[in-house]
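Student: I should like to go through this model and ask why its parts are described as they are. May we begin with a single side chain?

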Amino acid sequence: METNEIQKKILAEVADLHKIPAGAYNFRIDGKLAGRNTTANIDIQTKNDKSGIDIKIKDNTKNESVHIPVVLSNTGYKEKVYNDFFIGENCDVVIVAGCGIDNCGGKDSQHDGIHRFYIGKNSKVKYIEKHYGSGTGTGKRILNPQTEVYMQEAGIMEMDMVQIKGVDSTERVTLANLKKDAKLIVKERLLTHGEQKAVSIYNIILDGEDSAADILSRSVAKENSYQKFEVKLTGNTKCSGHTECDSIIMDNGKILAVPGLEANSIDAALIHEAAIGKIAGEQLMKLMTLGLTEKEAEEKIIDGFLK
């Protein structure tokens, strides 16, 4: 796979890749396949009817990974990609996705990625998705990811969703349906600044007995940016669900949290927590007494908050 320096930097940011990874991978750059590898247990095939790929993971696949990063480096390029993951039973795998846009021109660049996960019984998936924007152009960097998760009995999915730099506009939609004993754990970290806008929408349906979901969002809105966090948990049987939105607001930032809990069973236990506020003055003073400037102290607090 041949990449220029900008593309290499983006791959490092969104997928922590400094060299070709071990295991299965599919690299996409400006709408074209830039590299692919399959293994005995993980197959990747190009879709015939639309843009995207099918990733098929065999039963009992453990300690393997899949990397599917996307890079956009041509101003004005827009795409919509469909990636479907079929994970067999009794698996334990890591999937690393993410998209980076470098826009140095005057036209908007946009990536819409639809990822659908079909997770078999007793399988565990760790999913890491990072979004990153860079470039000196006036064109916007737009990312609209949609994630759908369908979990069979005793499946587990951990999702680490990160967007902390350079994305002008994003609408992040996550839909999930959980069967018996299935568990979904989501940690979202988000930072906006300037005139950026970010919307996160979660719709989680707990259909199976003793299924559970834990959704945590931590975000910082700086300058004139806007964020909306909207989450709905639906409990249809004996289950447990917890959502938490912790946000720091700075400058002229705006944050809207919209919780939704729907209990359709007497045994559904659903909880929502939310806290939005500015950085505490005593935190700043403590760090400034150690020799940091106010700006350095703010950055230190934000870095710790978003880890």
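Student: Why is Glu 158 called partly exposed?

Tutor: Glu 158 has a relative accessible area of 24%. Buried means under 20%, exposed means over 50%, and partly exposed is in between, with a 1.4 Å probe and protein chains only. The value of 24% falls in between, so Glu 158 is partly exposed. Please note that this is a predicted model, in which local features need pLDDT of at least 70 and side-chain atom pairs count only at pLDDT 80 or more, while totals for chains, interfaces and linings use all residues. Residues are numbered from 1 along each chain as its sequence is written, and side-chain values use heavy atoms, with hydrogens and water left out.

Student: What makes the meeting of Glu 158 and Lys 124 a salt bridge?

Tutor: A salt bridge is a side-chain nitrogen of Lys or Arg within 4 Å of a carboxyl oxygen of Asp or Glu. Between Glu 158 and Lys 124 the N to O distance is 3.7 Å, so the condition is met. Glu 158 belongs to strand E13 (residues 156-163) and Lys 124 to strand E11 (residues 124-134), so named because strands (E, at least two residues) are DSSP runs numbered from the N terminus. The two residues are 34 residues apart, and the pair links distant parts of the chain. Lys 124 is likewise partly exposed, at 32%.

Student: How do you know that Arg 189 and Asp 160 are buried?

Tutor: Arg 189 has a relative accessible area of 16% and Asp 160 one of 18%. Both values are under 20%, so both residues count as buried. They also form a salt bridge, with the closest N and O atoms 2.8 Å apart. Arg 189 is in strand E15 and Asp 160 in strand E13, 29 residues apart. In total, the structure holds twelve salt bridges.

Student: Why is it said that the pair of Lys 232 and Glu 262 ties together parts that are 30 residues apart in sequence?

Tutor: The closest N and O atoms of Lys 232 and Glu 262 are 3.0 Å apart, and they form a salt bridge. Lys 232 lies in strand E18 (residues 226-235) and Glu 262 in strand E20 (residues 254-263), so the bridge ties together two separate strands. Lys 232 is partly exposed at 36%, and Glu 262 is partly exposed at 31%.

Student: Why is strand E17 described as largely enclosed by the rest of the structure?

Tutor: Strand E17 covers residues 211-221, and nine of its eleven residues are buried, so the description follows.

Student: What makes E15 and E17 a pair of strands?

Tutor: Two strands pair if DSSP finds at least two bridges between them. Strand E15 (residues 183-192) and E17 have ten bridges, in the parallel sense, so they pair. Across this pairing, Arg 189 stands opposite Arg 218 in E17. E17 is also joined to strand E19 (residues 239-249) by eleven bridges, again running parallel. There, Leu 216 stands opposite Glu 244.

Student: What makes a group of residues a nonpolar core, and which have the most contacts inside the largest one?

Tutor: A nonpolar core is a set of buried Ala, Val, Leu, Ile, Met, Phe, Trp, Tyr and Cys residues joined through side-chain atoms within 4.5 Å. The largest has 40 residues, and those with the most contacts inside it are Val 66, Phe 117, Met 157, Leu 184 and Ile 204. A second, separate core has twelve residues, among them Ile 248, Leu 284, Ala 297 and Ile 302. Contact means heavy atoms within 4.5 Å. By that rule, and leaving aside neighbours within four places in sequence, Ile 204 is in contact with residues including Leu 184, Ile 215 and Lys 232.

Student: What makes the phi of Asn 90 worth a remark?

Tutor: Most residues other than glycine have a negative phi. Asn 90 is not a glycine, yet its phi is positive, about 60°. Asn 90 lies in the loop between strand E7 (78-87) and strand E8 (92-96). Glu 223 also has a positive phi, of about 55°, although it is not a glycine. The loop between E17 and E18 holds Glu 223. Asn 90 is partly exposed at 27%, and Glu 223 is partly exposed at 36%.

Terms used:
Helices (H or I, at least four residues) and strands (E, at least two) are DSSP runs, numbered from the N terminus.
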